[in-house]
Amino acid sequence: SKALVQLCKKKGLMVVADSQSSSTTGDIIKFKGATILAPTEHELRSGVGGHSSGLKILAEKSSRILDCKHLFITLSDNGVLIQNRKETGSKFVYELDYLPAFANSVKDVSGAGDVFLTVVSLAMAAGGSVWEAGVIASCAAALRVERSTEGPIKINELKDRLSAIYK
């Protein structure tokens with residue numbers, strides 16, 4: 001995995017990875033250098049340590065260890081913490097922000113992380129900022145957890161949810 005990430009970076013490709021530690025044994029460290037990572041808080045703490053540190057310290061430590069440009073720490077029904085790395089000359093500046101969960105109710109959480117990672121990646125690949133992509137992906141994940149069965153999220157559902165948030 002490390003060699004593949006490095007090869008993609010050399011070619012200027014966006015690298016997005018899912019460590020799969022929540023459902024199986026995974027190791028987020030093998031995706032060091034990825035453009036976008038969206039681990040759960042548990043996956044991150046398991047991978048980089050910091051079991052007793054606060055989320056802000058965990059995010060900063062993880063961004064440095066993982067050499068990750070955009071880190072979205074999913075916090076289940078507590079939303080998502082976004083750690084964005086900006087390059088300023090020869091050093092990095094880290095921006096941290098939080099988005100609440102946009103779900104009105106939760107029927108089934110399975111697949112929410114996959115939906116979030118997919119949508120945030122597509123939104124950024126289409127030119128959205130890290131913040132725009134985070135909001136869109138959070139809305140998509142909210143639509144997923146509000147259902148009792150899996151199925152496609154339709155664009156009009158996503159537009160309606162975004163409109164409801166930004167009235």
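## Exercises on a predicted model

What covers the buried residues of helix H3 includes strand S2 (36–37), helix H2 (41–48), strand S3 (70–74), strand S4 (80–88) and strand S5 (91–99). The model is predicted. Work through the exercises with the structure open.

### Exercise 1. The two faces of H3

Task: find which residues of H3 are buried, and explain how they are arranged around the axis.

Solution.
- Step 1. Start with the extent. H3 spans residues 55–66, which makes 12 residues. From first C-alpha to last, H3 reaches 16 Å, close to the 16 Å expected at 1.5 Å a residue.
- Step 2. List the buried positions. They are Leu58, Ala59, Ser62, Ser63 and Leu66.
- Step 3. Look down the axis. These buried residues lie on the same side of H3 because they cover an arc of only 130°.
- Step 4. Recall the general rule. An α-helix has 3.6 residues a turn, so residues three or four places apart point the same way.
- Step 5. Turn to the face directed away from the buried side. Lys56 and Arg64 are exposed there.
- Step 6. Step past the end of the helix. Asp67 follows H3 and has a positive phi, near 50°.

### Exercise 2. Strand order and hairpins

Task: give the order of the strands in the sheet and name the edge strands.

Solution.
- Step 1. Read the order. The open sheet of 5 strands runs S1-S2-S3-S4-S5, with mixed pairing.
- Step 2. Find the edges. Strand S1 (16–17) and S5 each pair on one side only.
- Step 3. Take S3 and S4. They run antiparallel and are joined by 5 bridges. One bridge links Phe72 to Ile82 in S4. The two strands form a hairpin with 5 residues between them, and Ser76 in the turn has a positive phi of about 55°.
- Step 4. Take S4 and S5. These are antiparallel too, with 9 bridges. Thr88 has Lys91 in S5 as its bridge partner. Gln83 stands opposite Leu96 in S5. Here the hairpin has 2 residues between its strands, and Gly89 in the turn has a positive phi of about 70°.

### Exercise 3. Helices on the sheet

Task: state which strands H4 touches and which strands H5 lies across.

Solution.
- Step 1. Place H4. Helix H4 (residues 112–125) packs on the sheet and touches S1, S2, S3 and S4. The direction of H4 makes about 155° with that of S3.
- Step 2. Place H5. Helix H5 (residues 130–145) lies across S3, S4 and S5, at about 160° to S4.
- Step 3. Zoom in on Trp131, a residue of H5. Beyond its neighbours within four places in sequence, Trp131 contacts Ile82, Asn84, Glu95 and Asp97.
- Step 4. Classify Trp131. Its relative accessible area is 29%, and partly exposed covers values between 20% and 50%, so Trp131 is partly exposed.

### Exercise 4. The nonpolar cores

Task: which residues of the largest nonpolar core touch the most other members, and which element gives the largest share?

Solution.
- Step 1. Find the hubs. Among the 24 residues of this core, Phe72, Phe116 and Val120 touch the most other members.
- Step 2. Assign elements. S4, H4 and H5 are the elements that give two or more residues. H5 supplies the largest share, 9 residues.
- Step 3. Check one hub. Outside its neighbours within four places in sequence, Val120 is in contact with Ile36, Phe72, Ala133, Gly134 and Ala137.
- Step 4. Look for another core. One of 18 residues lies apart from the largest core, and includes Ala34, Leu44, Cys68 and Leu81.

Notes. Residues numbered from 1 in each chain as written. Predicted model: local features only at pLDDT ≥ 70, side-chain atom pairs only at ≥ 80, totals over all residues. Heavy atoms only, no water. Helix = DSSP H or I, 4+ residues; strand = E, 2+ residues; numbered from the N terminus. Expected span 1.5 Å × (residues − 1). Buried < 20%, exposed > 50% of the residue type's maximum accessible area, 1.4 Å probe, protein only. Arc of directions from axis to C-beta. Contact = heavy atoms within 4.5 Å. Pairing = 2+ DSSP bridges. Axes fitted to C-alpha atoms, helices over the stretch in contact; angles between N-to-C directions. Core = buried A, V, L, I, M, F, W, Y, C linked by side-chain atoms within 4.5 Å.
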